[in-house]
Amino acid sequence: MNQQTAPTPSVIPAKPIPIPSDLARPFWVALQRKELHLQRCDACGFFNHPPRISCPRCHGHAFTWTQVTPEGTVYSYTIVHRPPVPAFKSEVPYAVALVDITGTNVRLLSNLLAAKEELRVGLQVEIVFDDVNQDITLFRFKPKSADNTAGSR
Ligand SMILES: [Zn+2]
């Protein structure tokens, strides 16, 4: 046989999508409503993220899902040049940041949608809600605008 191997089709693979656990479901449901909710210990007020079955600070077992302000301060960031999986190949380079969420002890990790020149530790950011499908909304960060009308005209 002289059959040549067909070239691999250039199919763009799908990006991985989170599968919420029962414990974390309220976090994901709140994101669909464009809100940020975190699990907070009823006994000591500590915010857990990711959510847990017992508080790491006081070992309490009672929690309340609490809405928090969807903004924060960049603790650290990096620029990704090598895609972690092929699905992100067309996205590189992109910035990823650890953000201290205002009024909580929680530090979240996600994309930081900002120009390279804007990136810095201490940058004030807000959450952008991204409906990736009908079941999952992701959160990403963008620089907080001091005046929402600035630069829009
Ligand atoms: Zn606690």
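Visitor: In which helix of this predicted model does Ala 30 lie?
Guide: The model is a predicted one. Leaving aside neighbours within four places in sequence, Ala 30 is in contact with Glu 35, Leu 36 and His 37. The element that holds Ala 30 is helix α1.

Visitor: Is Ala 30 buried or exposed?
Guide: A residue counts as buried if 20 or more other C-beta atoms lie within 10 Å of its own. Ala 30 has 21 other C-beta atoms within 10 Å, and therefore its class is buried.

Visitor: What distance separates the C-alpha atoms of Ala 30 and Trp 65?
Guide: Along the chain, Ala 30 and Trp 65 are 35 residues apart. In space, the separation of their C-alpha atoms is 9.6 Å.

Visitor: What arc around the axis do the buried residues of α1 cover?
Guide: The buried residues of this helix are Phe 27, Ala 30 and Leu 31. They are placed on the same side of α1, because the arc that they cover around the axis is only 100°.

Visitor: Which strands are included in what covers the buried residues of α1?
Guide: Phe 27, Ala 30 and Leu 31 are the buried residues in question. The elements that cover them include β1, β7 and β8.

Visitor: Which residue with a positive phi follows α1, and is it buried, exposed or partly exposed?
Guide: Lys 34 follows α1, with a positive phi near 65°, although Lys 34 is not a glycine. Its place is in the loop between α1 and β1. Because Lys 34 has 13 C-beta neighbours inside 10 Å, its class is partly exposed.

Visitor: How is His 59, with its positive phi, classed by its C-beta neighbours?
Guide: His 59 is not a glycine, yet its phi is positive, at about 65°. The residue is found in the loop between β2 and β3. A residue is exposed if 12 or fewer other C-beta atoms lie within 10 Å of its own. His 59 has 10 such neighbours, so the class is exposed.

Visitor: In which loop does Pro 50 lie, and what is the form of the peptide bond from His 49?
Guide: Pro 50 lies in the loop between β2 (47-48) and β3 (63-68). The omega of the bond from His 49 to Pro 50 is near 0°, and the form is cis.

Visitor: What is the omega of the cis peptide bond that joins Val 92 and Pro 93?
Guide: Pro 93 is found in the loop between β4 (71-80) and β5. The bond that joins Val 92 to Pro 93 is cis, with an omega of about -5°.

Visitor: Which strands stand at the edges of the open sheet of 5 strands?
Guide: The order of this sheet is β6-β5-β4-β7-β8, with antiparallel pairing. Two of these strands have a single partner strand each, so one side of each is left without a neighbour in the sheet; they are β6 (107-111) and β8 (137-143).

Visitor: By what angle are neighbouring strands of this sheet turned against each other on average?
Guide: The 5 strands form an open sheet. With direction ignored, the average turn between neighbouring strands is 40°.

Visitor: Which residue in β7 stands opposite Gly 72?
Guide: β4 and β7 run antiparallel and are joined by 3 bridges. Opposite Gly 72, the residue in β7 is Val 125.

Visitor: What is the bridge partner of Asp 131 in β8?
Guide: β7 and β8 pair in the antiparallel sense over 7 bridges. They form a hairpin with 5 residues between them. In β8, the partner of Asp 131 is Thr 137.

Visitor: Which residues touch the most other members of the largest nonpolar core, and from which domains does this core draw at least three residues?
Guide: In soluble globular proteins, nonpolar side chains tend to be buried together. Here the largest nonpolar core has 15 residues, and Val 74, Ala 97, Val 99, Leu 112, Val 125 and Phe 141 touch the most other members. At least two residues come from each of α1 (25-32), β1 (36-41), β5 (94-101) and β7 (124-131). The domains that each supply at least three residues are domain 1 (22-68) and domain 2 (69-147).

Definitions and conventions:
Residues are numbered from 1 along each chain as its sequence is written. This is a predicted model: local features need pLDDT of at least 70, side-chain atom pairs count only at pLDDT 80 or more; totals for chains, interfaces and linings use all residues. A nonpolar core is a set of buried Ala, Val, Leu, Ile, Met, Phe, Trp, Tyr and Cys residues joined through C-beta atoms within 7 Å. Helices (H or I, at least four residues) and strands (E, at least two) are DSSP runs, numbered from the N terminus. Domain bounds come from an automatic or database domain assignment. Two residues are in contact if their C-beta atoms, placed from the backbone, lie within 7 Å. Two strands pair if DSSP finds at least two bridges between them. Axes are lines fitted to C-alpha atoms, for helices over the stretch in contact, and angles run from 0 to 180 degrees between N-to-C directions. The arc is that of the directions from the helix axis to the C-beta atoms.
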